[in-house]
Every structure is written in C-alpha cells, then in structure tokens.
Amino acid sequence: MEESPLHPFELHNYIPINLFGLDISINKAVIMMWVVVGLVTFLLIRAATSRRMVPTKLQSLAELFVGFIRDMILDTMGKDGMKFFPFVATLFIFILFCNLLGLIPGTYTVTSQIVVTAAFSIFVYTMSIVVGFVLHGVKFLGILVPPGTPGWLLPLMMPIELVSQLARPLSLAVRLFANMTAGHTILGVLFGLTITGGLLIGWLPFVFTIAMNGLEVGIAFIQAYIFTILTCVYLGDAFHLHGAEGHAH
Amino acid sequence: MPPPNDPFYAGLGQAVRIGTELLAALIVGGGLGWAADTYLLKSGTWGLVIGLVIGAAAGIRNAMRLAQRWDKSG
C-alpha cells in the first residue's frame, strides 16, 4: 500500500458538468470553497449584527481583522487606497480561511491548486494595470523607467523592468501554491511514517506532525498576509507612480 | 492577528518572499527568451541565454525593492 504523498491533492469529480465544452464539474475543491464562503459570511454577519459598545468575542475578533487590514492598506497605499478596502478584505479573509480550514484532516486545501492562486494573482495584477492606466494614462508606461536612470542605460533597464513586472503575478501565484502544497506534503509524509513506524518508533514522527501542524497554522496566516500585502503594494504602485520609490532613495 | 506581528513569523515571511521573487523573475525571463527563440526569431539559444541574464537581473531588482521596503517599516 505504497501511496504517493501527493495523492491527497488529486481531485475527482463528484458531479461532472460540461457547459459548452467548459468543464465546470463539482469536485472537492469547489465544495470547500462554498463551505469557506458560507462560513465566512455566517461568522461576519453574526459578528456585525450585535454592534455592542462592549463587543462580544466574535465582534472583537472581526474588529481586529478590520483594523489589521485597514492598517495594511494605509501603510502601503495611503488614504486613497481605502476605496479598495472591500476587495482587499475579501481576498485576505477568503485566502486565510481556505488555508486554515485545509489544515483540518479530511478537508481540502483549495489554495494548493495553482489554478486557484493563479486566477487570484492574474486578476489582482490585471486590476493594478487597469487602475494605473485609468489614473495616469500613457504616462503609466513610465513604470518601466526607474527614476534617476541615465539615458544610455535605458535600453538595458527597460527589459529588466518589464521582466520584473511580469514576474509579479507568477511569484504571487507560485508562492501561495508552493507553500501550501509543500506544507501538506510534509504533513502527509510524516503521518505516513507514523503509521509505518508502528508503536516502537512511530511516536517520533507523530510528535513532529503535531509540531508541523502548529507551524502550518502560522504559515497559513503568513501566506494570506503576504498575498494581501503584495496586492496592496502592487495597487499602490499603480496609484502613486514611483511615489514609494522616491521616498526609499 | 498575532503571527504577522511576531518577529519570528515576520522574518520567515520576508525570507520566503525573497526566494520566490528571485525564482519567478528567472522563470519569466528565461521563458520569454525561449519563446522568442522558438517562435519569433528562430535564433538558436541566444534568446534563452539573454533572457536568463535579464531574468536574473530582474529578480535581484525585485528582491532589492522588497528589501528597501523593510527599511522604511523598520
């Protein structure tokens, strides 16, 4: 019964649906996403309806989230960025819950599918480009020219900047996907060792499984945080052309 | 939100970010060079070589940009 540690990531269609040649079958990942959306909606509505002066536990947790995301936006985008608050907050909470719920044995980590993370990152990146062109027009192409570049370096700097821009959506998608997949593969391998090890030595990998699970909870937070803060940074770059870099120099 | 404020997790997050940044730029640079070789120029492997060099430079530039951001936030 040798089983690949990557086996849990395979998806099997429960209800195959084909719409005009488009595969929109219902599988475990789709169901997990519905569960996440349902749970988040339920919890946040419960948290928001009480509105007491002395908050309930759930309400203070929700307030903590809102304050955290607001600080993140204010830090990276400034006041203008608050227009994106609903989008950024939705993204953060959705990714966070996908990561966290995936740690419960038997469930599925949606963010370990690169299709999901790539869809997010391409959407975010396209949005930052559109925002940039709407706000700055053709001048937004100036993002390819770092401020203070001497003229003779331009033919070298433009391709480098172009590649570094195009690498953004890729690194965003791969980072979340790779961290989630790697973490769960390690957990799978360690737990497999526990079972094959038996009582004599099996307790050792089991202890490590528990420790890794604790680390994975941290990773779930960090990866959701990194994804959202980079979303803010990219949108911020589109807002203030070279503004942030001007300060850094 | 304890973890991102915890210095251990914050450091871990930053380290993980830089690694992917370097890799992604290299892949994009190499990929563009390879595509130019294969579909546009039929130029042997020069596109791939130049693409990889540009990708490496872009990756370091991205990592540098990230590092500059930490200085500001402390």
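So, helix 5 of chain A, residues 154-201. If you drew a straight helix of 48 residues at 1.5 Å a residue, you'd expect a span of 70 Å, but helix 5 spans only 62 Å between its end C-alpha atoms. Keep in mind that this is a predicted model. Where does helix 5 of chain A kink? The kink is centred on A:Ile195, and the angle there is about 55 degrees.

Okay, let me step back to the whole of chain A. We've got seven helices and four strands. Going along the sequence, the order is β-β-β-β-α-α-α-α-α-α-α, which puts the four strands ahead of the seven helices. As for the overall dimensions, the C-alpha atoms of chain A fill a box of roughly 70 × 55 × 45 Å along the principal axes.

Now, helix packing. People describe two packed helices by the angle between their axes and the distance between the axes, and I'll do that for three pairs.

Back to helix 5 for the first pair. Helix 5 of chain A packs with helix 6 of chain A at about 175 degrees, and the axes are 9 Å apart. So those two helices are roughly antiparallel to each other. In their contact you'll find 19 nonpolar residues, seven polar and three charged.

Helix 6 of chain A, residues 203-239, also has helix 2, residues 57-77, as a partner. Their axes come within 8 Å and cross at roughly 35 degrees, and the crossing is right-handed. From helix 2 of chain A, the residues involved are A:Met72, A:Ile73, A:Thr76 and A:Met77. On the helix 6 side they meet a set of residues including A:Thr228, A:Ile229, A:Cys232 and A:Phe239. By class, that contact has eight nonpolar and three polar residues, with no charged ones.

The third pair is helix 1, residues 28-50, with helix 3, residues 85-101, again in chain A. Here the axes come within 10 Å and cross at roughly 120 degrees, which makes helix 1 of chain A oblique to helix 3 of chain A. This crossing is right-handed. Helix 1 of chain A brings A:Met32, A:Val35, A:Val36, A:Leu39 and A:Val40, while helix 3 of chain A brings A:Ile93, A:Phe94, A:Phe97, A:Cys98 and A:Leu101. How does that contact divide by class? You get ten nonpolar residues, no polar and no charged.

Last bit: the two chains together. On the chain B side, 26 residues are in contact with 21 residues of chain A. The elements of chain B that give two or more residues to that side are helix 1 (2-5), helix 2 (7-41) and helix 3 (46-73). Which of them gives the most? That's helix 2 of chain B, with 13 residues. By class, the side of chain B that touches chain A has 14 nonpolar, eight polar and four charged residues.

Technical notes
Residues numbered from 1 in each chain as written. Chains lettered and ligands numbered in written order. Predicted model: local features only at pLDDT ≥ 70, side-chain atom pairs only at ≥ 80, totals over all residues. Axes fitted to C-alpha atoms, helices over the stretch in contact; angles between N-to-C directions. Parallel < 35°, antiparallel > 145°, perpendicular 65-115°, else oblique. Left-handed = near helix turned anticlockwise from the far one by under 90°. Contact = placed C-beta atoms within 7 Å. Nonpolar A, V, L, I, M, F, W, Y, C, P; charged D, E, K, R; others polar. Expected span 1.5 Å × (residues − 1). Bend = angle between axes of the 7 residues up to and from the residue.
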